[in-house]
Amino acid sequence: MTGFSANELIIILIMLAFVVLPSWRIFEKVGYPGWYGLGMVIPLVNVILLLFLAYSEWPALKRSR
């Protein structure tokens with residue numbers, strides 16, 4: 001087998017959308033660039049990004065003070 005079928009590609013794109021779109025919105029809401037959400041589909045980078053979100057001071061909270 002040399003590649004993905006059309007059905008497999010559609011399923012992969014749907015799964016990516018369920019991961020990337022919510023994380024894009026979360027990063028935007030806390031004050032970071034939304035494209036950081038793309039890192040959530042890369043193994044190990046997603047764990048680092050979650051730790052970064054958990055322990056960093058969010059720019060949106062700094063502005064509200």
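Colleague: Where is Leu-13 placed, and what makes it exposed?

Modeller: In this predicted model, Leu-13 sits in helix H1. Its relative accessible area is 57%. The word exposed applies to values over 50%, so Leu-13 is called exposed.

Colleague: Which nonpolar surface patch includes Leu-13?

Modeller: Leu-13 belongs to a nonpolar patch of about 730 Å². Its other members are Phe-4, Leu-9, Ile-12, Leu-16, Val-19, Val-41, Ile-42 and Val-45. A residue of a patch must have over 30% relative accessible area; Leu-13, with 57%, therefore passes that cut-off.

Colleague: Which helix gives the most to the nonpolar patch?

Modeller: Helix H1 does, with five residues.

Colleague: Why is Phe-27 called buried?

Modeller: Phe-27 also lies in helix H1, and its relative accessibility is 1%. Buried means under 20%, so the value of Phe-27 meets the condition.

Colleague: With which residues is Phe-27 in contact, leaving aside its neighbours within four places in sequence?

Modeller: Phe-27 is in contact with Tyr-32, Pro-33, Gly-34, Tyr-36, Gly-37, Met-40, Leu-49 and Leu-53. With one of these, Gly-37, the C-alpha to C-alpha distance is 6.6 Å, although ten residues separate the two in sequence.

Colleague: Which residues form the largest nonpolar core, and what makes it a core?

Modeller: The six residues are Phe-27, Val-30, Tyr-32, Met-40, Leu-49 and Leu-53. Helices H1 and H2 each supply at least two of them. The term requires buried residues of nonpolar kinds joined through side-chain atoms within 4.5 Å. Phe-27, at 1% relative accessibility, therefore satisfies the requirement of burial. In soluble globular proteins, nonpolar side chains tend to be buried together.

Colleague: Which contacts does Leu-53 make, leaving aside its neighbours within four places in sequence?

Modeller: Leu-53 is in contact with Ile-26, Phe-27, Val-30, Tyr-32 and Trp-58.

Colleague: How do you know that Arg-25 and Glu-28 meet in a salt bridge?

Modeller: The distance from N to O between their side chains is 3.6 Å. The cut-off is 4 Å, so the pair qualifies. Side chains of opposite charge can pair when their charged atoms come close. Arg-25 and Glu-28 both lie in helix H1, three residues apart, which is about one turn of the helix. The structure holds one salt bridge.

Colleague: Why are Arg-25 and Glu-28 described as partly exposed?

Modeller: Arg-25 has a relative accessibility of 46%, and Glu-28 has 38%. Partly exposed covers values between the limits of 20% and 50%, so the description holds for Arg-25 and for Glu-28.

Colleague: What makes Leu-44 exposed, and where does it lie?

Modeller: Leu-44 has a relative accessible area of 61%. Since exposed means over 50%, Leu-44 is therefore exposed. It lies in the loop between helix H1 (6–30) and helix H2 (45–55). Its phi is near 75 degrees, a positive value in a residue other than glycine.

Colleague: How many helices and strands does the protein have?

Modeller: The protein has three helices and zero strands, and its elements run α-α-α from the N terminus on.

Colleague: How does the radius of gyration of the protein stand against that of a compact globule?

Modeller: A compact globule of 65 residues would have a radius near 11 Å, but the protein has 15 Å. Its C-alpha trace spans about 55 × 20 × 10 Å along the principal axes. Of the 65 residues, 17% count as buried.

Methods:
Residues numbered from 1 in each chain as written. Predicted model: local features only at pLDDT ≥ 70, side-chain atom pairs only at ≥ 80, totals over all residues. Heavy atoms only, no water. Helix = DSSP H or I, 4+ residues; strand = E, 2+ residues; numbered from the N terminus. Buried < 20%, exposed > 50% of the residue type's maximum accessible area, 1.4 Å probe, protein only. Rg over C-alpha atoms; globule rule 2.2 N^0.38 Å. Contact = heavy atoms within 4.5 Å. Patch = residues over 30% accessible without salt bridge, like charges linked within 9 Å, V, L, I, M, F, W, Y side chains within 5 Å. Areas by Shrake-Rupley, 256 points an atom, 1.4 Å probe, with all protein chains shown as cover.
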